[in-house]
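Dear colleague,

I am handing over the structure that you will be working with, and I have added some notes on what was found in it. Please open it beside this message as you read.

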Amino acid sequence: MDKTNVMRILDQKKIAYTPHSIGDNTKLSGKEVAQALGKDPSTVFKTLVTVGKTGGKYVFVIPIHKELDLKKAAKAVSEKSIEMLKQKELLPLTGYIHGGCSPIGMKKFFPTCIDVSAEDKETICFSAGKIGFQVELSPNDISKVIRFRFADLTIE
């Protein structure tokens, strides 16, 4: 399997992870990704990039079968309101394309929140920075690479 930037960063920091590949040109829904990985959807996460009313950029990592609650997300980062970043702005801002965005290895670090549901998981899967590639590691190990905090982020 080809190494992605995310995998190289984890290797460099000597952090154990499990790489997963489901085909690099495959655009699947989140539920299809979980199915292809043979994982419970509550352990597979997606990375969303938003912009706040102040212009600040924020990263939210939530389970693939849930939706981001914009009000909860705004509160978590002390913004009046936030909205999703426009798709055309994602690559220049983060270095990642839609469907291959990872909280690890962005061009610049942005305040990051991971949904509180990940807190009690042994491991979670999320994009390895390229469509069709995922990494699986513990939330504790993620904290060795990026700063983040847990927050209630999803619509019930």
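The notes below cover the packing of the interior, two helices, and one charged residue.

This is a predicted model, in which local features need pLDDT of at least 70 and side-chain atom pairs count only at pLDDT 80 or more, while totals for chains, interfaces and linings use all residues. Residues are numbered from 1 along each chain as its sequence is written, and side-chain values use heavy atoms, with hydrogens and water left out.

The largest nonpolar core (buried Ala, Val, Leu, Ile, Met, Phe, Trp, Tyr and Cys residues joined through side-chain atoms within 4.5 Å) has 29 residues, of which L10, F126, V135, L137 and I142 touch the most other members. Here buried means under 20% relative accessible area, exposed means over 50%, and partly exposed lies in between, with a 1.4 Å probe and protein chains only. Two or more residues of this core come from each of α1 (5–12), β2 (45–52), β3 (57–63), β6 (124–127) and β7 (133–137); helices (H or I, at least four residues) and strands (E, at least two) are DSSP runs, numbered from the N terminus. Another core, of 13 residues, lies apart from it and has I62, A74, V77 and L153 among its members.

In α1, the buried residues are V6, M7 and L10. They sit on the same side of α1, because they cover an arc (taken from the directions from the helix axis to the C-beta atoms) of only 100 degrees around the axis. Included in what covers them are β1 (18–21) and β7.

The buried residues of α2 (30–37) are V33, A34 and L37. Seen down the axis of α2, they fall within an arc of 100 degrees, so they line one face of the helix. They pack against β1, β6 and β7, whereas the exposed residues K31 and Q35 are carried on the face turned away from the buried side.

Finally, what is the nearest side chain of opposite charge to D115? D115, in strand β5 (residues 112–115), is buried yet has no salt bridge, and that nearest side chain is K66, 6.2 Å away. A salt bridge needs a side-chain nitrogen of Lys or Arg within 4 Å of a carboxyl oxygen of Asp or Glu. The side chains of D115 and S117 are, however, joined by a polar contact of 2.7 Å, that is, a pair of N or O atoms within 3.5 Å, one able to donate a hydrogen and the other to accept it.

With best wishes

Notes
Lys and Arg count as positive and Asp and Glu as negative; His and the chain ends are not counted. Contact means heavy atoms within 4.5 Å.
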